[in-house]
Amino acid sequence: MTPPSPGRRFLGWLLELLVVALILAAGLVVGTAFANGSLFFGFVVALTAMWLYFAGFESSRAQSTLSGRWLGTRVTDLDGRQLTFRHATARHFAMYISAITPFYVGYLMAFWTKRRQTLHDLIARTVVVKRE
């Protein structure tokens, strides 16, 4: 199990940022339209869509989100096995912890940890590896 290069991880984050922005925008539009302009409901719809996107794709046979497919990476447990939906859900919600760390250190950890793991990878006991 070979970790991707730091550059590949960074490019993956940029691509996911674009996907997340699109999901957030669509969720807000759809959610507020169905709830008579309720921004709160729009956020609930958007956050639910993001959870289902990450957990669904990472627990699928492809083991990766769209950026992972494009960049040739996949997410596994520490033994190289496919994640269950429950495990991928835990990883997704651990991402919020990475996101609130000062200066995004939780994400930047991928640049200095041996297996290129972020804080949420360490919490969820997962690793991103190159597709073989």
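**Entry 1: H120**

I began with a polar contact of 3.1 Å, which joins the side chains of H120 and T118. I note at the outset that the model is a predicted one. I then placed H120 in the fold and found it in helix α6, which covers residues 119–124. Is H120 buried or exposed? Its relative accessibility is 2%, so H120 counts as buried. I listed its contacts next, leaving out residues up to four places away in sequence. H120 touches R91, A94, M95, S98, Y107 and T126 on that basis. I kept R91, M95 and Y107 from this list in mind for the later entries.

**Entry 2: salt bridges**

I searched the whole structure for salt bridges and got five. I looked at one of them in helix α6, where the side chain of D121 meets that of R9 at 3.5 Å, N to O. Why does this pair tie together separate parts of the chain? D121 lies in helix α6 and R9 in helix α1, so the pair connects parts that are 112 residues apart in sequence. I checked the accessibility of both partners. D121 has a relative accessible area of 0% and is buried. R9 is at 7% relative accessibility, which is under the 20% limit, so R9 counts as buried.

I went on to R91, already noted as a contact of H120. The side chains of R91 and E58 form a salt bridge at 2.9 Å, N to O. This pair links distant parts of the chain, with R91 in helix α4 (residues 85–100) and E58 in helix α2, 33 residues apart. I found R91 buried, and E58 as well. How are R9, E58, R91 and D121 joined? Salt bridges that share partners join these four residues into one network.

I also recorded the salt bridge between D77 and R81, whose closest N and O atoms are 2.9 Å apart. D77 has 8% relative accessibility, so D77 counts as buried.

**Entry 3: nonpolar cores**

I turned to the nonpolar side chains. Which residues make up the largest nonpolar core? I count eight in the set: V19, V20, I23, M50, Y53, F54, M95 and Y107. The elements that give two or more residues to this core are α1 (6–34) and α2 (39–58). M95 and Y107 in this core are also on the contact list of H120. I looked at V19 on its own and found that V19 touches Y53 and L66, again not counting residues up to four places away in sequence. There is a second, separate core of five residues, among them V75, L83, A88 and V128.

**Entry 4: nonpolar surface patch**

I looked at the surface last. A nonpolar patch of about 1100 Å² is made by F10, L11, L14, L17, F103, Y104, V105, L108, F111 and W112. Two elements, α1 and α5 (105–108), give two or more residues to the patch. Which element gives the largest share? I found that α1 does, with four residues.

I took V105 as one example from the patch. V105 is found in helix α5. Its relative accessible area is 34%, so V105 is partly exposed. For context, I add that nonpolar side chains in soluble globular proteins tend to be buried together. I left the entry there.

Definitions and conventions:
Residues numbered from 1 in each chain as written. Predicted model: local features only at pLDDT ≥ 70, side-chain atom pairs only at ≥ 80, totals over all residues. Heavy atoms only, no water. Buried < 20%, exposed > 50% of the residue type's maximum accessible area, 1.4 Å probe, protein only. Polar contact = N/O pair within 3.5 Å; in protein donor to acceptor, adjacent residues only side chain to side chain. Contact = heavy atoms within 4.5 Å. Core = buried A, V, L, I, M, F, W, Y, C linked by side-chain atoms within 4.5 Å. Patch = residues over 30% accessible without salt bridge, like charges linked within 9 Å, V, L, I, M, F, W, Y side chains within 5 Å. Areas by Shrake-Rupley, 256 points an atom, 1.4 Å probe, with all protein chains shown as cover.
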